[in-house]
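Work through the exercises below with the sequence and the 3D structure at hand. Each task is followed by a solution in steps.

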Amino acid sequence: MILEKMSLKGKTGIVVGASRGLGKGIAIGLAQAGADLAVTSRELKIIEKVAEEIKSWGGEVLPLQVDVARKEDIDVMVDKTMGKFGKIDFLFNNAGRITRVPSEDFSEEDWDEELNVNLKGTFLCCQAVGRVMIKQKRGKIINISSIASFIGGKNISAYVASKGGVSQLTKSLASDWAKYNIRVNAIGPGYFETDLTEPLRKDPKRFSAINARIPLGRWGKPEDLAGIAVFLASDASDYITGQTIFVDGGWLAV
Ligand SMILES: NC(=O)c1ccc[n+]([C@@H]2O[C@H](COP(=O)([O-])OP(=O)(O)OC[C@H]3O[C@@H](n4cnc5c(N)ncnc54)[C@H](OP(=O)(O)O)[C@@H]3O)[C@@H](O)[C@H]2O)c1
């Protein structure tokens, strides 16, 4: 039955970057669907508090301190998750940052940091968890990309390049690992109300211009990603791999 296939009861996953914004919304949705979770932040105290909130929806929640720019943190994340749960059914790579600077002024340091976190960090998490999933001969990886993987944006060249890379990486890993029964997909959010987009929302002209261009007439909220997150983590999406699914209120349709 289809609703049973969408249940995450008995499944275990990791949400990297679950302390706030989209990652927290995704983690709450997964917990509501019955999953046990490892959730991460660079600040242990913050994620311990968020873990308590997620736990109130049921299931076990393991808070972990992870900076995806540090490979050793990623290895510890996998070891601790395996130590507690003994398997990893799905992984969400949500950690991300954005630097808003005109391309001609973009520093090499900012470029390296952005690509390190958004693209290399995503790859290293996929690789570390992928090795476990290869042994398990099953798993689902969901990377958080962006509409900026498909179109450009103003003054965010490193971000756009990194998200284009995330969607391409998603296709590449999907074809490498299909033989191990591992599905690799991405979610491409449009404009969502989080800390990442606060500077845009604080600029009244920019805010209303963006709002007016969204066919559904509003910015997304973190809970708007819960449905697609549960679907992609669940058995109901077993014949989908290598895709970026855009959740953008229709932005890319017009
Ligand atoms: N908001 C949007 O409109 C939008 C649109 C398209 C795509 N996205 C993507 O969605 C994802 C989440 O964005 P958001 O809007 O929710 O942003 P946010 O509120 O700023 O949250 C970012 C998350 O990433 C984590 N993070 C940042 N740098 C990290 C690092 N080096 N190592 C580990 N974790 C790190 C943060 O954790 P700590 O700071 O607690 O460590 C936090 O949990 C990002 O990949 C972003 O590019 C967002």
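**Exercise 1: The shell around the ligand**

The residues of the shell around the ligand comprise twelve nonpolar, eleven polar and five charged ones. Here Ala, Val, Leu, Ile, Met, Phe, Trp, Tyr, Cys and Pro count as nonpolar, Asp, Glu, Lys and Arg as charged, and the others, Gly among them, as polar. This is a predicted model, in which local features need pLDDT of at least 70 and side-chain atom pairs count only at pLDDT 80 or more, while totals for chains, interfaces and linings use all residues. Residues are numbered from 1 along each chain as its sequence is written, and side-chain values use heavy atoms, with hydrogens and water left out.

Task: find which residues come nearest to the ligand, and which helices supply at least two residues of its shell.

Solution.
- Step 1. A residue is near the ligand if one of its heavy atoms lies within 4 Å of it. Of the 28 residues around the ligand, the nearest are S19, S41, R42, Y159 and T194.
- Step 2. Helices (H or I, at least four residues) and strands (E, at least two) are DSSP runs, numbered from the N terminus. Both α2 (21–32) and α6 (157–177) supply at least two residues of the shell.
- Step 3. Look at the side chains facing ligand oxygen atoms. T194 has a polar side-chain atom 2.5 Å from one, Y159 has one at 2.6 Å, and an N or O atom in the side chain of R20 is 3.0 Å from a ligand oxygen.
- Step 4. On its own the ligand has 880 Å² of accessible area (Shrake-Rupley method, 1.4 Å probe). The protein covers 95% of that area.

**Exercise 2: The nonpolar cores**

Task: locate the largest nonpolar core and say which element gives the most to this core.

Solution.
- Step 1. A nonpolar core is a set of buried Ala, Val, Leu, Ile, Met, Phe, Trp, Tyr and Cys residues joined through side-chain atoms within 4.5 Å. Buried means under 20% relative accessible area, exposed over 50%, partly exposed in between (1.4 Å probe, protein chains only).
- Step 2. The largest such core has 31 residues, and L30, L37, V39, I54, F92 and I187 have the most contacts inside it.
- Step 3. Two or more residues of this core come from each of α2, β2 (36–41), α3 (44–55), β4 (90–93), β5 (139–144) and α9 (226–233). With six residues, α2 gives the most.
- Step 4. Another core, of 28 residues, lies apart from it and includes L62, M77, V132 and I141.
- Step 5. Contact means heavy atoms within 4.5 Å. Beyond its neighbours within four places in sequence, F92 is in contact with residues including I14, V16, L30, I142 and I187.

**Exercise 3: S162 and W57**

Task: decide whether S162 is buried or exposed, and find what W57 touches.

Solution.
- Step 1. S162 is in helix α6. With a relative accessible area of 0%, S162 is buried.
- Step 2. A polar contact is a pair of N or O atoms within 3.5 Å; within protein, one must be able to donate a hydrogen and the other to accept it, and residues adjacent in sequence count only if both atoms are side-chain atoms. The side chains of S162 and N118 make such a contact at 3.2 Å.
- Step 3. W57 sits in the loop between α3 and β3 (61–65) and is partly exposed, at 46% relative accessible area.
- Step 4. Not counting residues up to four places away in sequence, W57 touches I28, A31 and Q32.
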